[in-house]
Amino acid sequence: MQEFNLRKSILAAIGASVALGCAPAIVLADNASDIQALKDQVRAMQQKIDQLSGPQTVTGTTAAPAPAPAKKETSALTFAGVTLYGTVDVGIAYMTHGAPLSQTWAPGLPYFIQSFSNHSILSAGPNGLSQSKVGLSGVEPLGVGDWTGVFRLETGFDPTSGRLTDGPGSLVANNGVAVANRKSAGDSSRAGQPFQGAAYAGVSSATFGTLTFGRQNTLMSEALSKYDPQLQSNAFSPIALQGTAGGFGVTQDRIFDSSIKYALAVGPVHAAIIHEFGSDGYIPEQSNEVSVGADVAGLSLDAIYGKVHGAVAASSLSAAQVATLPALGYSPSNSLAATISDNTGYGALARYDMKQWVPVKLYAGWERIKFNNPDHSIPAGTQDIGGYTLAVVNNAAYNIQRILQISWAGVRYSPLPQLDLSAAYYQYNQKSNNASGCRNNSAATCAGELHDASLVADYHWTKRFDTYAGVNYSLIQNGLSAGYLFTSDWTPMVGVRFNF
């Protein structure tokens, strides 16, 4: 019995560490289907632990072993507690107002309306439902109580080009290019680093929680994987493709470098905290997030608060800005513009699983973000993530505080075990931070709105392979549409995804 309890504790600790690793001004976000893939990996890890620990006595409370073919398929990816995992997601999309495919920006295409969205286009499209990636995760029993050592290394890539995901690199490709002629691009927390998805290690205990150090998803970006009705799909969820929500204002802060994270669950209640180490006037500066939530009888609730210092919103340089670079000693092949802010955000998230009566899940979320000028300015010439240089820096964009509210609601229905049908609606609402209090498209500081609605059908042929089809409609108005070529877009898409 003691041996069984130890194995049970190890598995619980692994589950806690995987939940921490899953995690979502443009970026992709890993979605909740990744969580299921990691659950499969946890099962494979447990099978390896069983093998290493010798014969086991099967009791009424011990899970029955998986069928032989399935066990062979999963255990081949795990050895000595280290698991290789990944996703390849690619499809075809049509946009009524789109732009040419990017080779490095994770979404690849503007699946909802962007400033550079222009003519109609039919194109291959990467990462429609989830980020294509490859990674290693591991767990090692420490022989002390139920403690285990855990780690994770992950990188994302573009399956249409084979290149590593690099949002800032996609912006550099548009330096000096007129908006009407730009390729798809956007800022991102993934900037071509060898391990831009995750790079952390730590310890975990089912009793005392999980403590990890390194490059890690923030609590908000992690929570969105659970509370987004479209499971952080780039093609059908603006809070996934646009990382403003996950980064409390800017997408680069969806993932914290040099961070420490602690998470603990006691019965139905869970709480977590993450701190990013940094220095004033440098990148990164110090930032913090805390969360508390509960899971009771199908109802899940989470409240999250965050304070991000020195947030960087990177953008392409205009032709006039590129012309000034030689005199400043910078190269257009490695330089970007940036707006710096100190951001405060909080959100309330809810999900209700009605599986006791019908195979339906209901989702809702709300987030409020305040943008202020930074307490400590970031100087021009500062090196940003991925080694890019911030050649033109604005530290005074928010003399009047900007307030952005993001809300959403949706439903997922599974009429068959293999089929998921989902519908969602998202809204961004910006209050005017213009001295005139304007509500038009004369300036980006005027009040404005973004509306987005999507429908998706996802059929799982096996636990690893699925096909999907869906449509997304987006409409942007007033201040949020300032400088846009067009204000609406329809994007139907079909795709395939393989998880291993």
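Is W366 buried, partly exposed or exposed? I looked this up before anything else. W366 has a relative accessible area of 31%, so I entered it as partly exposed. I keep in mind that this is a predicted model.

**Entry: the chain overall**

I began with the totals. The protein chain has 500 residues, and 51% of them are buried. Its accessible surface comes to about 19,600 Å². Carbon and sulfur atoms hold 63% of that surface. For secondary structure I noted seven helices and 20 strands.

**Entry: aromatic pairs**

I went back to W366 and looked for ring partners. A pair of aromatic rings is described by the distance of the centres and the angle of the planes. I counted six aromatic pairs. I wrote up two of them.

W105 with F116 is edge-to-face. I have 6.5 Å centre to centre and 80 degrees between the planes. Both residues sit in the loop between strand 2 (82-95) and strand 3 (121-126). They are 11 residues apart. W105 is buried, and F116 is buried as well.

Y346 with W366 is tilted. Here I have 6.0 Å centre to centre and 55 degrees between the planes. Y346 belongs to strand 12 (residues 335-353) and W366 to strand 13 (residues 360-372), so this pair ties together parts 20 residues apart in sequence. I checked cover for Y346 too. Its relative accessibility is 29%, so Y346 counts as partly exposed.

**Entry: a charge over a ring**

I then looked at F371. R402 lies over the face of F371. The distance to the ring centre is 4.5 Å.

**Entry: the nonpolar cores**

Which residues touch the most other members of the largest nonpolar core? I found I239 and I406, in a core of 46 residues. Helix 5 (residues 219-227) gives the most to this core, namely five residues. Apart from this core lies another one, of 11 residues. Its members include A314, A338, I340 and L390.

I listed the neighbours of I406 next, leaving out residues up to four places away in sequence. I406 touches I239, T244 and A245. It also touches G365, W366, E367 and I369. Q427 and Y428 complete the list.

**Entry: where W366 comes up**

W366 turned up in three of my look-ups. It is partly exposed. It forms a tilted pair with Y346. It is also one of the residues that I406 touches.

Conventions:
Residues numbered from 1 in each chain as written. Predicted model: local features only at pLDDT ≥ 70, side-chain atom pairs only at ≥ 80, totals over all residues. Heavy atoms only, no water. Core = buried A, V, L, I, M, F, W, Y, C linked by side-chain atoms within 4.5 Å. Buried < 20%, exposed > 50% of the residue type's maximum accessible area, 1.4 Å probe, protein only. Helix = DSSP H or I, 4+ residues; strand = E, 2+ residues; numbered from the N terminus. Contact = heavy atoms within 4.5 Å. Phe/Tyr/Trp six-rings, centres within 6.5 Å; stacked < 30°, edge-to-face > 60°. Lys NZ or Arg CZ within 6 Å of the ring centre and 35° of its normal. Areas by Shrake-Rupley, 256 points an atom, 1.4 Å probe, with all protein chains shown as cover.
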